[in-house]
There are 2 protein chains.
Amino acid sequence: MAEISKATLKRYPVYLKALRKLSEEGKKRVLSSELAEYVDIKSTTIRRDFSLIGQLGKQGYGYDVNELISIFAKELGEDYDEKLILIGVGRLGTAILNYNNWNHVAGEIVCAFDLKPEKRNSEPKVNVPVYHIDELEEKIPEGCEIAILCIPSGAQQIVDRLHKLGVKGIVNFTREHFVLPEGMIKSDVDVVSTIQELVFEVNSLNK
Amino acid sequence: MAEISKATLKRYPVYLKALRKLSEEGKKRVLSSELAEYVDIKSTTIRRDFSLIGQLGKQGYGYDVNELISIFAKELGEDYDEKLILIGVGRLGTAILNYNNWNHVAGEIVCAFDLKPEKRNSEPKVNVPVYHIDELEEKIPEGCEIAILCIPSGAQQIVDRLHKLGVKGIVNFTREHFVLPEGMIKSDVDVVSTIQELVFEVNSLNK
DNA sequence: TGAAAAATGCTAATTAATTCACAAATATAG
DNA sequence: CTATATTTGTGAATTAATTAGCATTTTTCA
């Protein structure tokens, strides 16, 4: 399989989401041009993205929706049964834990860690065990490679501990700066930055 | 001012965040090479990005931290005093409303809309007025250009109504598909996709 | 069954983004 | 005050990503 570029990789989840929706709507077969309109990405880009995984379509026919879904689902890790942990069960952390479209979309959040586990565990909406952050080394699930970081401070120390434990990917919701240890990957989800970016763009439109 | 590329635009909030942190740490002056190490972006990319705004630095000296902060803050809309609205005051919506690093970082959330405003308003953590979604046309603040969408369904209809009201930018937290009306911009914040992407990358590392 | 129409997948061309390399400007040390 | 060491800002070169164009394969319809 050819090297898949960062840009292409970002689009795969978009395709999967769209295909699921189309499937729900009863669509069995889809053309790259239809999908293009749906997700607002040029059809030729879509075909090239797909071709990096394999020959997924048929000439003169298009793509089979459910086949594509199962291929992308597999590629994107739904079958890896990834074990995720979440650190910091505040409001945002709880919102993520409760996210309902969650199951088997990208593995499963197995447990969470917080400074006040008693308090968090008593909340009815928290549906996984919450351990004290001091127990991280002890309670982290075997083979856990991805952690979701929702703490307001102290990120660096946590990241270093996670690194020692073999965690390779961080989904970062903190706005704190930290140095990423060698060999780790992170992905920032920053609402404030997203809005700033949008404000800038909207104001550029106005000029 | 030269056309600012999408890629550069995404980095501006990163710079601003880093500069604020450096300023807090007492730094008055910074080199592109120092900042490069801090944010893990090549120094030459940083200088190029900066140069699109103007000649912000001094040769042989570097950049004045506070000056940079005020320039970026202005560029990124902190002084525009952007009026934002939020639609869908569920768990995630509440988390966003309560985000404390919020004020004057990207305008201000002025009010929110929900299907059950009475219930939301009674929650102590919700600190802006919540109106019924039916009152959108009536209560939307004058000059509002950006809306944060946190509803689980019915996005298309809301987006179309917002478009009619002159809203130009959507920060989209829904996973629903909708067609973006001509002239609008959106920015997706999709936790599930982010994790999927990361799972894919981590699993690529393992091979 | 055979010819026309349709749609993929791939190569080549184009466009966008990053990085190099160095001239010009400033700071600093003697 | 002068010489040297720094560091920015920017054309030019490179690398990455997107898009166009078309050969090939499959479907469809007479």
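This is a short dialogue on reading a predicted model.

User: Let's start with the sheet in chain A. How do strands in a sheet pair in general, and in which order do they run here?

Analyst: Strands of a sheet pair through backbone hydrogen bonds, either parallel or antiparallel. In chain A, six strands form an open sheet, ordered β5-β4-β3-β6-β7-β8. The pairing is parallel.

User: Which are the edge strands?

Analyst: They are β5 (130–132) and β8 (185–188) of chain A. Each pairs on one side only. From one strand to the next, the twist averages 25°.

User: Take one pair, β6 and β7 of chain A. How many bridges join them?

Analyst: Four bridges, in the parallel sense. Strand β6 of chain A covers residues 146–149, and β7 of chain A covers 169–172. For a single bridge, look at L149(A): its partner in β7(A) is N172(A).

User: Next, the contact between the chains. How is its size usually given?

Analyst: The size of an interface is often given as the accessible area lost when the parts come together. Here we have residue counts: 49 residues from chain A and 48 from chain B.

User: On the side of chain B that touches chain A, which element gives the largest share?

Analyst: α9(B), with 14 residues. Elements of chain B that each supply at least two residues include α1 (6–24), α5 (91–97) and β7 (169–172). By class, this side of chain B has 25 nonpolar, 12 polar and 11 charged residues.

User: Now the DNA. Which residues come nearest to strand D?

Analyst: Of the 29 residues around DNA strand D, the nearest are S5(A), Q59(A), G60(A), G57(B) and G60(B). α3(B) gives the most to the surface near this strand, five residues. Others supplying at least two each are α1 (6–24) and α3 (43–51) of chain A, and α2 (32–39) of chain B. The surface divides into seven nonpolar, 15 polar and seven charged residues.

User: Last, backbone torsions. What is notable about phi of D40(A)?

Analyst: Phi of D40(A) is positive, near 60°, in a residue other than glycine. D40(A) lies in the loop between α2 (32–39) and α3 of chain A.

User: Is D40(A) buried or exposed, and why?

Analyst: D40(A) counts as exposed because it has 11 C-beta neighbours inside 10 Å, and the cut-off for exposed is 12 or fewer.

User: What does chain B show at D40(B)?

Analyst: D40(B) has a positive phi of about 60° and is not a glycine. D40(B) sits in the loop between α2 and α3 of chain B. With 11 other C-beta atoms within 10 Å, D40(B) is exposed.

Note on methods. Residues are numbered from 1 along each chain as its sequence is written. Chains are lettered from A and ligands numbered from 1 in the order in which they are written. This is a predicted model: local features need pLDDT of at least 70, side-chain atom pairs count only at pLDDT 80 or more; totals for chains, interfaces and linings use all residues. A residue is near a molecule or strand if its C-beta atom, placed from the backbone, lies within 6 Å of it. Ala, Val, Leu, Ile, Met, Phe, Trp, Tyr, Cys and Pro count as nonpolar, Asp, Glu, Lys and Arg as charged, and the others, Gly among them, as polar. Two strands pair if DSSP finds at least two bridges between them. Axes are lines fitted to C-alpha atoms, for helices over the stretch in contact, and angles run from 0 to 180 degrees between N-to-C directions. Two residues are in contact if their C-beta atoms, placed from the backbone, lie within 7 Å. A residue is buried if 20 or more other C-beta atoms lie within 10 Å of its own, exposed if 12 or fewer, and partly exposed in between; C-beta atoms are placed from the backbone.
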